[in-house]
Amino acid sequence: MENLSYLVAFNHLFFSMVAVVIMVLLARTVVAGTKYSAVLMIVVFGLLMGTLFVESGLAQPGLNDFPVIVLLGQTTVIALIASFFVGGQEIRRLLMKQLGSVESLVEPGKHEVFVGTTSTQLVYVIRAFVLLMSIEMVSALISGRSGAHPLGESYMALAYVGMTISLILIDSKAKIVNKRNYLMRGVIEVVAIIAVLIISLRISQLISGFIGLPQIFFAMVLSSGLGMAMPKWKLGPTMNALLFAGIPVVLTGSFLVGGSHMMEAFSIPGLQSVIVYGFAGQMFWMFGGLAILIFLAKANHVRNLAPGMAGGLSHSGLTGACTAGDLGATAAGRAPIMINVPFLGHIFVFTILAASAESGVLLVKWVLPLVLVGLGCVYLATKNLRKANGNDEMEIKGLMQFSFGWQITAVFGSFTILHFAGMPIENASMAAASGLSHFGLFAATQGGMFGAEAASMITFIFATPFLVHPLVFGLFGKAAENNGPMASRAVMAVFIIGTLGVLFSAFSV
C-alpha cells in the first residue's frame with residue numbers, strides 16, 4: 001500500500017478512535033451494574049466486527065484497509081510498560097512493608113456520562129487510545145521504523161496531534177491536587193515510556209546475533225526496575241489512563257484484526273489443532289490453576305484467584321479486568337505485583353524459546369527441569385496460602401510464589417505437550433500463547449520471534465479462545481457478586497473438560 005496523504009491519514013485516525021472508543025464504551029454499558037468485566041464483551045464485539053468487515057467487503061483479512069487499527073493492535077508493549085512499572089513499585093513497597101502508602105493525585109469524578117462509564121473513565125479511554133498511537137509513532141520515528149507503515153509519512157503530524165490531546169485532556173469534574181504538577185507528571189511518564197521502548201528495542205537488536213530475545217523482555221526489565229527505583233512516584237495522567245484502559249483498548253484493536261482472519265484461519269491446514277488447543281488450553285491451565293488455589297491452597301476468594309491467575313498465566317483478559325478495578329480494589333492492588341513476579345522467570349522463558357525458535361525445535365532437555373521447578377514453587381505456594389488465614393502479607397507472598405511457579409509450568413508445559421504431539425514450534429507458539437492468553441508470548445510471536453506466518457496469524461489465534469471467556473468472567477463475576485468465593489464444582493468440571501480437550505488436540509496434530 002502506498003503512503004497515504006495527511007488528510008486520509010487523519011481520517012483513518014479519527015475513524016479508528018471513534019470506532020474503538022465506542023466499542024469499549026458499549027462493552028462497559030453491557031456489563032454495567034454487574035461484577036462482570038467489560039473485556040468479556042470487547043472479545044465478542046471485536047471478533048464479530050472484524051469478521052463483518054471482511055464478510056461485507058469493507059476490508060480484507062488483516063484489516064490493512066484500516067492501518068490505524070492494525071497499528072493499535074501492535075502496541076501491546078506500551079500498555080504493559082505501565083503495568084510493569086506499577087508492579088515494580090508495589091514489589092518495592094512490599095519489601096519496605098509500605099503497601100498502599102502512596103496517595104493518588106486525583107479523585108475521579110463520579111458523574112456518569114454513559115451507562116457504566118464516568119466522566120473520568122471516559123477521559124481515560126480516549127487518552128489511552130491517543131497515547132498508544134502517539135507513543136508508538138514517536139518511537140517508530142526515532143528508531144527509523146516509520147517508513148514500513150502506510151501512514152509513515154504522516155507519523156509526525158499524527159503524533160503531534162495525539163500527544164497534544166493526551167497531555168492536555170483531563171476531566172474537569174475530577175478533583176486534582178495540583179493540575180500543573182499532575183500534567184507535568186504525564187509529560188515525564190510519556191518521555192520515560194518512549195525511552196524504555198527505544199532502549200529495549202536497541203538492546204534486543206544488539207544481541208539478536210547471539211539470541212533472539214524479544215523487545216518485551218527488556219521493556220519489562222527496564223520498566224519494572226524504574227518502578228522499584230521510584231516507589232513513591234505518584235502516577236500522572238499517562239499512567240492512570242494506561243492502567244485503566246490501555247489493555248482493553250489494545251485488545252479491541254487486536255480482536256478486530258483477529259476477527260478479520262476468522263474465516264480464513266479455519267481453512268488453513270494444520271491450524272485446526274492449534275485452535276482446538278487454544279480453546280482447551282484456556283480451560284485446562286486457567287481452571288487447573290484455580291483448582292489448585294481452591295482445593296489445595298484453600299484460597300477460594302476473588303482477591304486471591306483473580307490476581308493469582310492474571311500473574312500465573314500473564315493472562316491478558318484478567319490483567320485488564322484487575323487493573324481496571326472490575327474485580328475489586330484488593331485484586332486491583334495485588335495484580336501489578338503478580339503480573340511482574342512471573343516476568344522475572346522470563347529470562348528462562350524467552351531465552352530458551354528464542355534458542356528453540358532459532359533451532360526449529362524445542363530444547364526439551366532445558367525445558368523439563370524447569371517444569372519441575374515450577375511445580376515445586378506451586379507446592380510451596382499452596383503450603384503458605386493454607387497458613388495465611390486471611391493475613392494480607394502471607395497471601396501476597398503465597399500468590400507471588402504461585403504466579404511464578406504456575407507461569408513456568410504452564411508455558412513450558414504447553415510447549416512440551418505440543419512438542420511430543422508433533423506440532424511444529426511455530427504453530428506451538430500460537431497455540432501456547434492463545435491457550436494461556438499470555439501477553440508476553442503474544443507480543444513476542446507478533447514481533448516475529450517464531451516467523452512471519454505465525455506473526456500474521458497470531459491475532460486471530462490469540463483472539464479465538466477468548467470466546468471461552470464468557471465462562472471465565474462469568475465465574476469471576478459471580479464470585480465477586482458472592483463476596484469472594486467461586487463455585488468450586490464448576491471449576492473442577494471445566495478443568496476436566498479442558499483436560500480432555502488438550503488430549504484431543506495433542507492426538508489430532
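In this predicted model, helix α1 covers residues 6–30. The 25 residues of α1 should span 36 Å at 1.5 Å a residue, and the C-alpha atoms at its two ends are indeed 36 Å apart, so the expected and the computed values agree. Several residues of α1 are buried, including A9, H12, L13, S16, M17 and V20. Further along α1, the buried residues include V21, M23, V24, L25, A27 and R28. As a general principle, an α-helix has 3.6 residues a turn, so residues three or four places apart point the same way.

Helix α18 offers a second case. It comprises residues 425–436, 12 residues in total, and reaches 16 Å from its first C-alpha to its last, close to the 16 Å expected at 1.5 Å a residue. How many of the 12 residues of α18 are buried? The number is 11, and α18 is therefore largely enclosed by the rest of the structure. Among these buried residues are I425, N427, M430, G435 and L436. The cover over the buried residues of α18 includes α11 (271–296), α15 (346–359) and α17 (392–421); α19 (439–446) and α20 (452–463) also contribute to it. After α18 comes S437, which has a positive phi, near 50 degrees.

The aromatic residues are considered next. A pair of aromatic rings is described by the distance of the centres and the angle of the planes. The model contains 11 aromatic pairs, and two of the stacked pairs are set out below.

| Pair | Distance between centres | Angle between planes | Arrangement |
|---|---|---|---|
| F284 and F495 | 5.6 Å | 25 degrees | stacked |
| F442 and F462 | 4.3 Å | 25 degrees | stacked |

The pair F284 and F495 links distant parts of the chain, as F284 belongs to helix α11 and F495 to helix α22 (residues 488–507), 211 residues apart. F284 is buried, with a relative accessible area of 16%, whereas F495 is partly exposed, with a relative accessible area of 22%. The cut-off explains these labels: a residue counts as buried because its relative accessible area is under 20%.

In the other pair, F442 is part of helix α19 and F462 is part of helix α20, so the pair ties together parts that are 20 residues apart in sequence. Both F442 and F462 are buried. F284 and F495 also belong to an aromatic cluster, together with W285, F402 and W406.

Two members of that cluster, F402 and W406, appear again where helices α12 and α17 meet. Two packed helices are described by the angle between their axes and the distance between the axes. The axes of α12 (residues 302–312) and α17 come within 8 Å and cross at roughly 35 degrees, and the crossing is right-handed. Which residues of α12 meet α17? They are R303, N304, P307, G308, M309, G311 and G312. On the α17 side, the residues are E395, L399, F402, S403, W406 and Q407.

A last group concerns S83 and R185. S83 is found in helix α4 (residues 76–95) and is buried, with a relative accessible area of 3%. Apart from its neighbours within four places in sequence, S83 is in contact with L243, I247, T323, P336 and N340. S83 and R185 are 102 residues apart along the chain, and their C-alpha atoms are separated by 17 Å. R185 in turn lies over the face of W233, at 4.3 Å from the ring centre.

Terms used. Residues numbered from 1 in each chain as written. Predicted model: local features only at pLDDT ≥ 70, side-chain atom pairs only at ≥ 80, totals over all residues. Heavy atoms only, no water. Helix = DSSP H or I, 4+ residues; strand = E, 2+ residues; numbered from the N terminus. Expected span 1.5 Å × (residues − 1). Buried < 20%, exposed > 50% of the residue type's maximum accessible area, 1.4 Å probe, protein only. Contact = heavy atoms within 4.5 Å. Phe/Tyr/Trp six-rings, centres within 6.5 Å; stacked < 30°, edge-to-face > 60°. Lys NZ or Arg CZ within 6 Å of the ring centre and 35° of its normal. Axes fitted to C-alpha atoms, helices over the stretch in contact; angles between N-to-C directions. Left-handed = near helix turned anticlockwise from the far one by under 90°.
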